[in-house]
Amino acid sequence: MLHAVFISALLGLLISALVLIWGRPLISLIGGREAALDEALAYAGVAFADATAIWLLNAFASSLRGASDMQKPSLTLLLVGRGLLVRYGAPVGSMFAHISAAMLIYGVVTALTVYYVRWGD
């Protein structure tokens, strides 16, 4: 499992770095201009900071599924993760960066919860 954690963390960091380094040219390439470009960059900066947590979350959940335990990762992802998004999600009318910050909280807390469910006993 240590290899899966290492690969997941490495891929998450790589994806985050790519978006942070080349985010402006990529978003401009698909048509982002002026204020829309700035909002998209603000969203991408926070949302892709979450890539490592999402990769780890899926690696931990997959290890539980591989051990023939389908119930714990599913319940954890649904109850903990979505509950966090509903409770601490962005208020109506807020900027996109706030929405991606809620996704960041979801990714980190849910990954830690799945890790604890798997190895915390």
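In the predicted model, Val-108 touches Asp-50 and Ala-53, when residues up to four places away in sequence are left out of the count. Val-108 itself belongs to helix α5, which spans residues 96-119. With a relative accessible area of 36%, Val-108 is classed as partly exposed, because that value falls between the 20% limit for buried residues and the 50% limit for exposed ones. A further relation across the sequence links Val-108 with Ala-51: the two are 57 residues apart along the chain, and their C-alpha atoms are 9.7 Å apart in space. Ala-51 is in turn one of the residues through which helix α3 meets helix α1.

The overall architecture is helical. The protein contains five helices and zero strands, and the order of elements along the sequence is α-α-α-α-α. Of the 121 residues in the protein, 28% are buried. The exposed surface amounts to about 7,600 Å², of which carbon and sulfur atoms supply 72%. Among contacts between residues at least 6 apart in sequence, 75% join residues that are at least 24 apart.

The packing of helix α1 was examined against two other helices, beginning with α3. Helix α1 comprises residues 2-29, and helix α3 comprises residues 51-66. The two pack at an angle of about 155°, and their axes are 7 Å apart. Helix α1 is therefore roughly antiparallel to α3, since angles over 145 degrees are assigned to that class. The crossing of α1 and α3 is right-handed. On the α1 side, the contact is formed by Ala-4, Val-5, Ser-8, Ala-9, Leu-11, Gly-12, Leu-13, Ile-15 and Ser-16. The α3 side contributes Ala-51, Thr-52, Trp-55, Leu-56, Ala-59 and Phe-60. Sorted by class, the contact of α1 with α3 holds eleven nonpolar and four polar residues, with no charged residues.

Within this contact, Ser-8 illustrates the arrangement at the level of a single residue. Ser-8 is found in helix α1 and is buried, with a relative accessible area of 8%; the assignment follows because buried residues are those under 20%. Apart from residues up to four places away in sequence, Ser-8 touches Trp-55, Leu-56 and Ala-59. Each of these three partners is listed on the α3 side of the contact. Ser-8 and Trp-55 are separated by 47 residues in sequence, whereas the distance between their C-alpha atoms is 5.1 Å.

Helix α1 also packs with helix α2, which covers residues 34-47. Here the angle is about 150°, and the axes lie 10 Å apart. This angle makes α1 roughly antiparallel to α2. The crossing of α1 and α2 is right-handed. In this contact, Val-19, Leu-20, Gly-23, Arg-24, Ile-27 and Ser-28 of α1 meet Leu-37, Asp-38, Ala-40, Leu-41, Ala-44 and Gly-45 of α2. The residues of the contact of α1 with α2 divide into seven nonpolar, three polar and two charged.

A backbone feature was also noted in helix α2. Glu-34, which lies in this helix, has a phi angle near 50°, a positive value in a residue other than glycine. Glu-34 is exposed, with a relative accessible area of 66%, because residues over 50% are placed in that class.

Technical notes
Residues are numbered from 1 along each chain as its sequence is written. This is a predicted model: local features need pLDDT of at least 70, side-chain atom pairs count only at pLDDT 80 or more; totals for chains, interfaces and linings use all residues. Side-chain values use heavy atoms; hydrogens and water are left out. Helices (H or I, at least four residues) and strands (E, at least two) are DSSP runs, numbered from the N terminus. Buried means under 20% relative accessible area, exposed over 50%, partly exposed in between (1.4 Å probe, protein chains only). Contact means heavy atoms within 4.5 Å. Accessible areas come from the Shrake-Rupley method with a 1.4 Å probe; for residues, only the protein chains shown count as cover. Axes are lines fitted to C-alpha atoms, for helices over the stretch in contact, and angles run from 0 to 180 degrees between N-to-C directions. Angles under 35 degrees count as roughly parallel, over 145 as roughly antiparallel, 65 to 115 as roughly perpendicular and the rest as oblique. A crossing is left-handed if the near helix is turned anticlockwise from the far one by less than a right angle, and right-handed if clockwise. Ala, Val, Leu, Ile, Met, Phe, Trp, Tyr, Cys and Pro count as nonpolar, Asp, Glu, Lys and Arg as charged, and the others, Gly among them, as polar.
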